Amino acid sequence: MNPNELNKALSKLPLGDIKYFESIGSTNDEALAWAANDAKDLSLVIADEQTAGRGRLDRKWFTPPGTALAFSLILRPTTDERPHLSRIVGLAALAVADALRTRRLTPQIKWPNDVLLLGHKVAGILVESVWSGEDIDCVVIGVGINVLKGSVPPADLLHFPATSLEDELGYPPDRLEVLFDILSNLIDMRPQLGTEEFLNRWGEALAFLGEQVQIEVGSEPPILGQLLGLESDGSLRLRDGHDKTVAVRFGDVRLRPLA
Ligand code: ATP
């Protein structure tokens with residue numbers, strides 16, 4: 001990725017500052033440090049390669065050089081956005097999903113933080129926060145997308161099957177065009193974060209809707225149930241085996257279809 005081309009490709013977006021790295025440990029780590037300092041709203045950290053990319057709970061996220069998109073966007077939430085920060089993971093997932101839909105693909109969101117194409121993971125999202133006392137000062141939205149074939153990790157390292165945009169499209173898409181579309185979608189959708197319409201769009205994009213799924217919760221026995229949709233805060237709503245509706249919060253949870 002060439003920094004001049006990157007700046008040119010993003011010049012029409014109302015971003016804060018941009019930091020580009022040929023190789024970095026984790027774009028989220030860099031963005032969290034910058035956010036705790038003086039980063040403006042919508043500042044972007046982007047890298048061609050991550051050597052210590054992170055998923056949730058410090059799981060590893062692979063970003064080999066020259067093949068993927070790995071970036072972290074810093075948001076300084078407005079007063080209106082503050083009551084809805086738990087929806088930000090949905091904002092990012094929908095922004096990615098819409099960019100894929102524009103390319104005639106059929107993405108689905110594997111709650112809470114992955115985007116699937118035909119049941120294979122193509123993107124992962126990691127939202128982290130910088131606190132100032134009791135309040136969230138900044139939110140960092142980390143996004144990793146497998147763009148070219150070479151970005152897909154070897155199958156034996158995965159708990160869930162993965163794919164790339166190139167695999168699904170049959171041609172290699174331009175990484176900067178994909179990046180532009182995602183950021184532009186996210187910026188456009190941001191004012192709707194607190195609306196019912198946003199929640200409905202997010203809910204409709206979920207994978208396994210109406211299907212039986214299991215939620216692995218740490219080392220506890222899994223929760224089994226039918227996936228009904230989302231609660232207002234973005235928690236997942238299930239109907240369990242006793243016909244009771246239960247809400248599953250974000251955390252140490254992994255969603256799986258019931259085989
Ligand atoms: P799972 O994907 O197993 O349901 P998860 O949603 O908790 O778990 P994440 O935190 O989103 O996982 O992502 C980390 C996991 O994703 C890693 O443990 C690894 O199995 C997988 N992974 C790592 N890099 C990639 C990649 N480039 N593409 C697809 N999957 C990846």
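This passage describes the ligand site of a predicted model, followed by two points of backbone geometry.

A good place to begin is the ligand itself. There are 19 residues around the ligand, and those that come nearest are Arg56, Arg59, Lys110, Lys121 and Arg256. Sorted by class, this shell is made up of eight charged, six nonpolar and five polar residues.

Several side chains come within polar contact of the ligand. Lys121, already named among the nearest residues, has a side-chain N or O atom 2.5 Å from an oxygen atom of the ligand. Another ligand oxygen contact involves Asp114, where the distance to a polar side-chain atom is 2.9 Å. For Asn146, the partner is a nitrogen atom of the ligand, which lies 2.9 Å from an N or O atom of the side chain. Taken alone, the ligand exposes 620 Å², and 97% of that area is buried by the protein.

How does the ligand site relate to the pockets of the protein, and what is its volume? The ligand takes up the space of the largest pocket, whose volume is about 600 Å³. The lining of this pocket comprises 37 residues; Gly55, Arg59, Lys60, Trp61 and Lys121 are the ones nearest its centre. Two or more lining residues come from each of helix 2 (27-36), strand 3 (68-75), strand 6 (120-132), strand 7 (135-146) and strand 12 (253-257). By class, the lining holds 16 nonpolar, 12 polar and nine charged residues. Arg59 and Lys121 thus appear both among the residues nearest the ligand and among those nearest the pocket centre.

Two backbone features round off the description. The peptide bond that joins Trp111 and Pro112 is cis, with omega about 0°. Pro112 belongs to the loop between strand 4 (107-110) and strand 5 (114-117). Leu42, although not a glycine, has a positive phi of about 65°. Leu42 is placed in the loop that runs between helix 2 and strand 2 (43-50).

How values were computed. Residues numbered from 1 in each chain as written. Predicted model: local features only at pLDDT ≥ 70, side-chain atom pairs only at ≥ 80, totals over all residues. Heavy atoms only, no water. Near = heavy atom within 4 Å. Polar contact = N/O pair within 3.5 Å; in protein donor to acceptor, adjacent residues only side chain to side chain. Areas by Shrake-Rupley, 256 points an atom, 1.4 Å probe, with all protein chains shown as cover. 1 Å grid on protein atoms, 1.4 Å probe; cavity = no way out; pocket = protein on both sides within 12 Å on 5 of 7 lines; lining within 4 Å. Sits in = over half its atoms within 2 Å of the grid points. Nonpolar A, V, L, I, M, F, W, Y, C, P; charged D, E, K, R; others polar. Points joined across faces, edges and corners; volume = space filled by probe spheres on them. Helix = DSSP H or I, 4+ residues; strand = E, 2+ residues; numbered from the N terminus.
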